[in-house]
Amino acid sequence: MHEKPLSGCEGFFFCNRAVAVHAPASKGECMTDTAMVKNQVMDAADVERSITRIAHQILEANHGADNVALVGIVTRGDVLARRLARRIEEIEGVKVPVGSLDITFYRDDTPVSLSPDIHNSHLPFSVDGVDIVLVDDVLYTGRTIRCALDAVMDYGRPATVQLAVLVDRGHRELPIRADYVGKNVPSSHTEAVHLLLEETDGETCVRIYDVAPGGHVGAKPVNKPAMPSRLPEFPKLPKRPAASEGGEA
């Protein structure tokens, strides 16, 4: 007898086992079963103003953009990096190189993750002697940035490594500080602060969520399409005609 799919999920059955598939929450609903929206601290216009201000600060600190490259930490940091590059080009008239960095296997908690999301790192330029600006969405404990630093150093020896984040929520566990910050958002350990972007989430804003004990307070997962409720049926292949006696096999 089949088991009933888990509540709040879509499901399908395989080998008499119920497999839960989480469908993305629609706007206005809770992010997960353990996190509810508490407050929205930035809307789309606030995010764009912060990106513009960070772009100006990067140009001022580096005396232009001739030696600057942006490296976004997937999955929302790389989207922010592309937005930031467009804004720098609008201001300075210089098209800065943009790369993306996946730090999954640099994390110290990867072994306990049963199915980490894997993305490709893509740095289509040499980092040697370049002023690298790491770009991320929310700065929290600093552990993600520590991993990103390790990953960048595997590509070469940059002149400097700077850090730009849209939100700094505090609670650092490592001696890491952002050079460019869009907004400081005070928060508690029982809250999650998430950036949503049009490219990945269908809307742009920053929200604070109340998280139940044991809930996840890190980066918001990117919504993925739900898996089908049943496996597809494949057409049967026609049988090969039997070889005639005495003929070729």
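Before we start, a word on helix geometry: axes are lines fitted to C-alpha atoms, for helices over the stretch in contact, and angles run from 0 to 180 degrees between N-to-C directions. Helices (H or I, at least four residues) and strands (E, at least two) are DSSP runs, numbered from the N terminus.

This is a predicted model, where local features need pLDDT of at least 70 and side-chain atom pairs count only at pLDDT 80 or more, while totals for chains, interfaces and linings use all residues. Residues are numbered from 1 along each chain as its sequence is written, and side-chain values use heavy atoms, with hydrogens and water left out.

**Exercise 1. Describe how α1 and α2 pack.**

Step 1: find the helices. α1 covers residues 44-61 and α2 covers residues 77-92.

Step 2: get the geometry. The two pack at an angle of about 60°, and their axes are 9 Å apart. The crossing is right-handed (the near helix is turned clockwise from the far one by less than a right angle).

Step 3: look at who meets whom. Contact means heavy atoms within 4.5 Å. On the α1 side you'll find V47, I51 and I54, among others, and on the α2 side L80, L84 and I88 are included.

Step 4: sort by class. The contact has 10 nonpolar, 2 polar and 4 charged residues. Here Ala, Val, Leu, Ile, Met, Phe, Trp, Tyr, Cys and Pro count as nonpolar, Asp, Glu, Lys and Arg as charged, and the others, Gly among them, as polar.

**Exercise 2. Work out the strand order of the open sheet and place helices on it.**

Step 1: read the order. Five strands run β5-β4-β6-β7-β8, with parallel pairing (two strands pair if DSSP finds at least two bridges between them).

Step 2: spot the edges. β5 (98-101) and β8 (180-184) each pair on one side only. From one strand to the next, the twist averages 25°.

Step 3: zoom in on one pair. β4 (residues 68-73) and β6 share 5 bridges in the parallel sense, and L70 has V133 in β6 as its bridge partner.

Step 4: add the helices. α2 packs on the sheet, touching β4, β5, β6 and β7, and its direction makes about 155° with that of β4. α3 (residues 143-153) lies across β4, β5, β6 and β7, running at about 155° to β6.

**Exercise 3. Which residues of β8 and elsewhere does V181 bring together? Trace its contacts.**

Step 1: V181 lies in strand β8.

Step 2: not counting residues up to four places away in sequence, V181 touches R53, I54, V165, L166 and D168.

Step 3: compare sequence with space. V181 and D137 are 44 residues apart in sequence and 9.9 Å apart in space, C-alpha to C-alpha.

**Exercise 4. Find the backbone oddities in two loops.**

Step 1: look between β4 and α2, the loop where T75 is found. A cis peptide bond joins V74 and T75, with omega about 15°.

Step 2: move to the loop between α1 and β4, where H63 lies. H63 isn't a glycine, yet its phi is positive, at about 55°.
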